[in-house]
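Me: I have a structure open and would like a close look at one part of it. Could you walk me through that part and then place it in the rest of the chain?

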Amino acid sequence: MRKLLVCMILLACVLLSSCDSSKIIRPVESLLAPPLYHEEYKELVDAFYEKTGKDIVFCSPQEGDYRSAIIVEDIDSDGENEALIFYRDNADSSVARMSYLNVVDGNWVSRGTYNGYGNEIKKTFITDMDGDGNCEFVVIWSVSGVSTSNIMSVYRTSYSFDEYKEISNEMCTVCEVADVDGDAAEEIFYLNQVTVSGISQRYARVMKISGETVVLMGEVKVDPNISSYTSVKTEKSSGDAPLKFYIDALKGDSQMITELIYWDNEVAELCAPFLNGETMANTDTLRYEPIASADINNDGIIDIPSQNRVLGNEADEGNVYVTDWINYSDDEIRTIDTTVVNFVDGYMIHLDEDEIKTMGVRNYSAQNCWIIYSTNGYGKPVSELYSVLKVTADRWNEEEFNKYISVIEKEDGVVCVYITQSGTTSGIDSKYVKSRISKIP
Ligand SMILES: [Ca+2]
Ligand SMILES: [Ca+2]
Ligand SMILES: [Ca+2]
Ligand SMILES: [Ca+2]
């Protein structure tokens with residue numbers, strides 16, 4: 001009986017550890033989407049069903065500020081609400097549509113329905129870019145499961161035409177609407193890929209509304225050899241510094257770069273300072289692990305990880321890259337911090353100039369363990385100083401960890417340090433390791 005109980009406990013442990021919450025697959029929409037519509041829009045929805053029939057499927061934008069299939073807003077600044085509805089005719093339809101409705105004599109009336117360029121809506125922006133009182137719509141249409149097929153459509157109305165017209169459509173990967181050049185009017189910033197004579201090129205572009213059309217304000221080439229963009233961060237303009245876009249991109253499965261793109265008002269051009277014009281590659285920000293850019297010192301400026309050398313012995317099998325955190329200002333790349341990053345276990349160790357030359361790290365990934373050693377100044381190991389270990393929360397209470405110092409407590413465990421005798425002799429203590437080891441932001 002006792003044996004059976006032990007077996008059952010063991011089985012429960014296995015089951016629990018294999019269904020950590022990150023592995024439970026839930027539909028993204030159920031996590032992110034707000035309620036489809038509020039009771040107060042019942043009349044709108046009823047009027048819409050009357051026109052389209054009830055077979056339709058509402059489609060919520062998957063990213064951005066608008067996450068509802070039904071958007072009710074004062075779109076033409078007359079004090080009354082209008083509505084945009086995204087939907088498909090039925091679950092199998094390959095075409096998503098957008099309907100624009102307003103209220104006439106107390107009733108919701110359709111003012112136009114527009115066919116999209118895909119079966120889903122990735123993102124939409126509703127904003128008055130040219131300041132004429134009427135919002136423009138920027139809609140990123142996508143095909144489910146195909147990340148390279150986004151089409152951006154721009155819809156505009158004016159007092160001279162009484163409905164919305166599609167005035168532009170472009171392929172895009174990333175798209176944002178923001179005041180790129182600081183003149184208080186918003187522009188469309190986007191990245192796209194063009195293949196010319198079999199050679200793939202990627203551009204960042206800025207477009208603005210001009211009269212009844214959209215014009216290209218500027219473009220700049222970016223690194224063409226990437227597999228996908230993973231995030232876009234913007235840094236607000238301040239003083240003379242322009243709005244900056246930081247776009248993390250994967251190269252292959254695990255290498256990563258960050259594109260920095262901004263509008264330079266002095267030369268009236270879009271700039272991507274990290275692209276090497278000769279090699280057409282962004283090598284300044286290359287790292288061999290997918291470490292995201294982040295503001296690591298909380299000064300409001302985003303810092304970019306960059307790796308180009310290992311710490312300690314180059315010939316060592318378990319060696320670890322030095323990660324420099326760089327940023328770009330006044331036409332210069334500055335290193336603001338130097339670390340070694342344990343991407344898997346979620347921590348990094350900050351190193352000073354002297355330690356970069358006199359320390360090395362050996363990674364025992366199967367044990368979630370790093371050993372930090374001193375070197376002779378040319379990478380050759382001299383003695384082990386301390387080890388950093390990531391252990392699960394339940395193991396942390398075991399006796400063998402009595403001599404370890406907890407430095408980071410995380411949801412899934414504890415990052416802890418054991419200091420050797422020669423580490424202690426070299427002045428490494430609890431205060432030192434706690435000040436040097438931090439979470440990856
Ligand atoms: Ca209105
Ligand atoms: Ca407008
Ligand atoms: Ca602007
Ligand atoms: Ca920073």
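Reply: Happy to help; what follows starts from one strand and then moves outward.

Please keep in mind that this is a predicted model. The part I would pick is strand β7, which covers residues 136-143. Is β7 mostly covered or mostly open? Mostly covered: seven of its eight residues are buried.

β7 has partners to look at in turn. With strand β6 (residues 120-127), β7 pairs in the antiparallel sense, and seven bridges join the two. If you want a pair to click on, take Thr 127, whose bridge partner in β7 is Glu 136. Strand β8 (residues 146-156) is also antiparallel to β7, this time through six bridges. Here Phe 137 is a handy marker, standing opposite Tyr 155 of β8. β7 and β8 make a hairpin with two residues between the strands, and in that hairpin Gly 145 adopts a positive phi near 85°. As background, strands of a sheet pair through backbone hydrogen bonds, in either a parallel or an antiparallel way.

From β8 you can step on to another sheet by way of a single residue. Val 214 lies in strand β13, and among its contacts beyond four places in sequence is Val 154. The other residues on that list are Ile 167, Ser 168, Met 207 and Ile 209. Why does Val 214 count as buried? Because it has 21 C-beta neighbours inside 10 Å, where the cut-off is 20 or more. For a sense of distance, the C-alpha atom of Val 214 is 25 Å from that of Gln 62, a residue 152 positions away along the chain.

The sheet that holds β13 is an open one of four strands, ordered β10-β11-β12-β13 with antiparallel pairing. Its edges are β10 (175-178) and β13 (213-222); each has a single partner strand, so one side of each lacks a neighbour in the sheet. From one strand to the next, the twist averages 30°. Inside this sheet, β11 (residues 187-196) and β12 (residues 199-210) are joined antiparallel over nine bridges. Gln 193 and its bridge partner in β12, Arg 202, give you a pair to display there.

Further along the chain there is an open sheet of five strands, in the order β18-β19-β20-β21-β27, again with antiparallel pairing. Here β18 (304-311) and β27 (437-439) are the edge strands, and each has a single partner, so one side of each is without a neighbour in the sheet. The twist in this sheet averages 40° from strand to strand. Four bridges hold β20 (residues 332-342) antiparallel to β21 (residues 347-350), and Asn 342 has Tyr 347 as its bridge partner in β21.

Now zoom out to the chain. Its secondary structure adds up to seven helices and 27 strands, and the C-alpha trace spans about 85 × 75 × 45 Å along its principal axes. There are 441 residues, of which 32% count as buried. Of the contacts between residues at least 6 apart in sequence, 44% link residues at least 24 apart.

Finally, a word on confidence. The average pLDDT of the chain is 90, and 91% of the residues score at least 70. Over residues 1-34, however, the pLDDT is below 50, and this stretch has ten contacts in the model beyond near neighbours in sequence.

Technical notes
Residues are numbered from 1 along each chain as its sequence is written. Chains are lettered from A and ligands numbered from 1 in the order in which they are written. This is a predicted model: local features need pLDDT of at least 70, side-chain atom pairs count only at pLDDT 80 or more; totals for chains, interfaces and linings use all residues. A residue is buried if 20 or more other C-beta atoms lie within 10 Å of its own, exposed if 12 or fewer, and partly exposed in between; C-beta atoms are placed from the backbone. Two strands pair if DSSP finds at least two bridges between them. Two residues are in contact if their C-beta atoms, placed from the backbone, lie within 7 Å. Axes are lines fitted to C-alpha atoms, for helices over the stretch in contact, and angles run from 0 to 180 degrees between N-to-C directions. pLDDT is the predictor's confidence in each residue, from 0 to 100.
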